[in-house]
Amino acid sequence: MAIDTGRSSAGWSSYGAWRKCPRKWAYENVYSLGTSGGGARGLGTLIHELLARHYLVKAGDTSQPSIESILGTVGNGMKADAVDLARSRILSYALQYSAEDWTPIAVEQEHRIGFLPQEDGSVLLVDADTPGSVLYTARIDLVVKDGDGRVWCVDHKTASQIRESTHTRYGLHGQFHGLWHIGRHHYGEAFAGTLINFVQTWAGERFLRVRPPAAPSMIANFPKLIYATASEMQLWKGIAKVPEDWPATSHETVCVSSYGVCDHATRCRFG
Ligand code: SF4
């Protein structure tokens, strides 16, 4: 079975990107003006593929390619030390968690829900494709049932170095608030929450599983946030004729992030 670890169709990667900068979102999603990408994302993708294979094999999928085959295909074009690191991490991961009580329920499967506005201003969580609702999707890295029968939505994260601030930040991350709604809708009472499954890369071997810090008010606000974002997208799709018509955020913490200057800065500055 081929593994699709790519973006979900209407997920946080799109809604969240819009919230950061509608102009950047439009450059990349309407006008297909790409980003430069980078080595760290390549290594993260490779480790994700290996983890997906690990859990599909655990679930009994006998059609999975070997680890070496994935390293050869997905790792093609990457530096040798990154491919070696990915191999080392997945072999150690399997050993580290060989006694885990996780039974995989879904691996890299897209889950869909809808958000439906009400007359009183609230927004309800409903089945996807309910008339009048906004679609929200997530391709969840892994859904598992633990030894107590509780269901967890697990997100694999690779980090050069895991710090306290690394997992603190995910408590504020819309991806996890969306996963909470999806988990509750699809798995009901058995759903226990979300988990971050960290794999440290360049700073040395380390694995860590943590729950993102609680953010109940942000989770409660999430349906409204997605409905509002989808409405804004729709509005500007109807209005904008050229890239410069889309609103630009023009904020120094967005235009210059920890990854460097926005790929579109020159285009955005001069039109
Ligand atoms: S330079 Fe800033 S305003 Fe322009 S697209 Fe990038 S993030 Fe948006």
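This note goes through a predicted model point by point, from the overall fold to single residues.

1. Overall make-up. The protein chain holds 10 helices and 8 strands. Its radius of gyration is 20 Å, close to the 18 Å that the globule rule gives for 271 residues, so the chain is as compact as a globular protein of that length. The C-alpha trace spans about 55 × 45 × 35 Å along its principal axes.

2. Burial and contacts. Of the 271 residues, 27% count as buried. Among contacts with a separation of 6 or more, 71% are made by residues 24 or more positions apart.

3. The ligand shell. Which residues surround the ligand? From the early part of the numbering come Cys 21, Arg 23 and Lys 24. The others are Ala 248, Thr 249, Ser 250, Val 254, Cys 255, Cys 262, His 264, Ala 265 and Cys 268. Two or more residues each are given to this shell by α2 (22–29), α9 (252–255) and α10 (265–270). By class, the shell has 7 nonpolar, 3 polar and 2 charged residues.

4. Helices α7 and α8. Two packed helices are described by the angle between their axes and the distance between the axes. For helix α7 (residues 174–187) and helix α8 (residues 216–239), the axes come within 9 Å and cross at roughly 80°. That crossing makes α7 roughly perpendicular to α8, because angles of 65 to 115 degrees count as such.

5. Residues at that crossing. On the α7 side the contact uses Gly 174, His 177, Gly 178, Trp 180 and His 181. These meet Met 218, Ile 219, Phe 222 and Pro 223 in α8. The contact of α7 with α8 comprises 5 nonpolar and 4 polar residues, with no charged residues. On the spacing of such positions, an α-helix has 3.6 residues a turn, so residues three or four places apart point the same way.

6. Helix α1. In α1 (residues 12–20), the buried residues are Trp 12, Ser 14 and Tyr 15. Their cover includes α2, β3 (134–145), α7 and α8. Helix α2 thus appears twice in this note: it also gives two or more residues to the shell around the ligand.

7. Leu 179. This residue lies in helix α7. Is Leu 179 buried or exposed? With 28 C-beta neighbours inside 10 Å, Leu 179 counts as buried, because the cut-off is 20 or more. Leaving out residues up to four places away in sequence, Leu 179 touches Ala 138, Ile 140, Cys 153, Asp 155 and Thr 194. The C-alpha atom of Leu 179 is separated by 9.3 Å from that of His 111, and the two residues are 68 apart along the chain.

8. Ser 32. Phi of Ser 32 is near 55°, a positive value in a residue other than glycine. Ser 32 is placed in the loop between α2 and α3 (39–58). Ser 32 is exposed, because 7 other C-beta atoms lie within 10 Å and the cut-off is 12 or fewer.

9. Glu 108. Here too phi is positive in a residue other than glycine, with a value near 50°. Glu 108 sits in strand β1 (residues 103–117). Glu 108 has 22 C-beta neighbours inside 10 Å and therefore counts as buried, whereas Ser 32 is exposed.

Conventions: Residues are numbered from 1 along each chain as its sequence is written. This is a predicted model: local features need pLDDT of at least 70, side-chain atom pairs count only at pLDDT 80 or more; totals for chains, interfaces and linings use all residues. A residue is near a molecule or strand if its C-beta atom, placed from the backbone, lies within 6 Å of it. Helices (H or I, at least four residues) and strands (E, at least two) are DSSP runs, numbered from the N terminus. Ala, Val, Leu, Ile, Met, Phe, Trp, Tyr, Cys and Pro count as nonpolar, Asp, Glu, Lys and Arg as charged, and the others, Gly among them, as polar. Axes are lines fitted to C-alpha atoms, for helices over the stretch in contact, and angles run from 0 to 180 degrees between N-to-C directions. Angles under 35 degrees count as roughly parallel, over 145 as roughly antiparallel, 65 to 115 as roughly perpendicular and the rest as oblique. Two residues are in contact if their C-beta atoms, placed from the backbone, lie within 7 Å. The radius of gyration is taken over C-alpha atoms; the globule rule is 2.2 Å times the number of residues to the power 0.38.
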